[in-house]
Amino acid sequence: MGALAAEGDAASRASWILHRETPFGLLAWQVLVVLVAPVIGWISGAAVVRLLGKLTSRTGARWDDRLVEASRGPCQFLLAVLFVRGAVAAFEPTAATEAWLERILRPLLVIGCAWAADRALGVGTTEMADRYEGKDQDPGHVRAARTRISMLRRIGSVSIAILAAALVLMQFDLVRQVGVSLLASAGIAGVVLGFAAQRSIATILAGLQISIAQPVRIGDVVVIEGEWGTIEEITLTFVVVRIWDQRRLVLPISQLLDKPFQNWTRSSPELLGTVFLHVDYTAPIDVLREEVRRVCEADPDWDGKVAGLVVFDALSTTLQVRALVSAPSAGQLFDLRCRVRERLVQRLQGIDGGRHLPRTRFEPTALEERRAEGLPVETPGATPLPQPLTAPRT
């Protein structure tokens, strides 16, 4: 009897604790349900995404697999919020409790929807880029399309973020009143904002102009600020250039409109490169010309178009020869030029023991020849030494 009484007291105490009113306007057990609901929603979201992944894996398309994988986080987040909202609605709370809960849940729903929209936009732009690359084989067109799609992706993300932030802030009465006041004085606010953020607005407009005019595209090889590199990323405010030694040069996007730079792949990635050498006047030019042709034909980086050698200049002591070669890209051209230079030097070293390499000649004068033969040398303009006097013979 004592044990039964103790169990009854414990049960009544637990029931009293669970049905006790909390400062949140809900009973204790209702608060526990609200805390457990998002966990159940998160697990349910993972299960839904996994089921959708199995269904989409049976199709031959890739976009649906990407969309399901990208929507994993937003789906779980939204289901967690919806489960909490459903649990609160089932309790029929007071108006005050429902008001502050809605003030929290509505912004979370807006954030979840914005997250899902941004992920869907990313999947859509990626699919567009892949399909364009599969249809068009021209590298220039592919880079242009990739740049436009990248800028579209960033503009869409910024627009979604701004819209979501506006919807979240409009949930609060204070912000709503400030917004109405700003709308009433839109002229003055616009002028003040224009002066305060003119550099930021100019930068964003420059980014839009870059995306439309496209003086550079993602993947273009450029020489800017004395550095050679490849355009890696273009945003609305800055450009990232991957330099040849894997450093990153970050430039404000307005600099591409204000300062000149070199774009080596603006119309075509194919480039011409030169190799300069100084050789002796007796060097066999035809042999060197054939060597350039032979080296290029054996090199995988040569595009089969240009491979020649000419005498570029005649200096006082040497001839300057120029080898002209072509390659399909800037990186391949650099490697090809280095190999052609190496082989030409090796070829010069192997002809007649290297006698055709640059050398300085010295032609001795007649005076130096007499001195070398041990003959007496008279220096022009020198006073002859006096001879000793001898008595005449009788």
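The following exercises examine two sheets, a pair of helices and an annotated region of one predicted model.

Residues are numbered from 1 along each chain as its sequence is written, and side-chain values use heavy atoms, with hydrogens and water left out. Because the model is predicted, local features need pLDDT of at least 70 and side-chain atom pairs count only at pLDDT 80 or more, whereas totals for chains, interfaces and linings use all residues.

**Exercise 1.** Determine the strand order of the open sheet of five strands, and state which strands form its edges.

Solution. Helices (H or I, at least four residues) and strands (E, at least two) are DSSP runs, numbered from the N terminus. Two strands pair if DSSP finds at least two bridges between them.
- Step 1: the order is 4-3-2-1-5, and the pairing is antiparallel.
- Step 2: strand 4 (248-252) and strand 5 (262-263) are the edges, each pairing on one side only.
- Step 3: inside the sheet, four bridges link strand 1 (residues 221-224) to strand 2 (residues 227-234) in the antiparallel sense. Opposite V222 stands G229 of strand 2.

**Exercise 2.** Describe how the open sheet of three strands is ordered and joined.

Solution.
- Step 1: the order is 6-8-7, with antiparallel pairing.
- Step 2: the edges are strand 6 (271-279) and strand 7 (307-314), each of which pairs on one side only.
- Step 3: strand 6 is joined to strand 8 (residues 319-327) by nine bridges, and T274 has L324 as its bridge partner in strand 8.
- Step 4: seven bridges pair strand 7 with strand 8. V310 stands opposite R322 in strand 8, and the two strands, 7 and 8, form a hairpin with four residues between them.

**Exercise 3.** Establish how helix 11 and helix 12 cross, and which residues make their contact.

Solution. Axes are lines fitted to C-alpha atoms, for helices over the stretch in contact, and angles run from 0 to 180 degrees between N-to-C directions.
- Step 1: the axes of helix 11 (residues 285-298) and helix 12 (residues 330-350) come within 10 Å and cross at roughly 140°.
- Step 2: helix 11 is therefore oblique to helix 12, since angles under 35 degrees count as roughly parallel, over 145 as roughly antiparallel, 65 to 115 as roughly perpendicular and the rest as oblique.
- Step 3: the contact (heavy atoms within 4.5 Å) involves V287, L288, E291, V292, R294, V295 and C296 of helix 11, together with V340, R343, L344, R347 and L348 of helix 12.

**Exercise 4.** State which strands helix 11 lies across, and which strands helix 12 touches.

Solution.
- Step 1: helix 11 lies across strand 6, strand 7 and strand 8, running at about 145° to strand 7.
- Step 2: helix 12 packs on the sheet and touches strand 6, strand 7 and strand 8; its direction makes about 20° with that of strand 6.

**Exercise 5.** Give the end-to-end distance and helix content of residues 155-172.

Solution.
- Step 1: the end C-alpha atoms lie 27 Å apart, and residues 155-172 are 83% helix and 0% strand.
- Step 2: the unreviewed UniProt entry annotates "transmembrane region" for residues 27-52, 155-172 and 178-197; such annotations may be inferred rather than shown by experiment.
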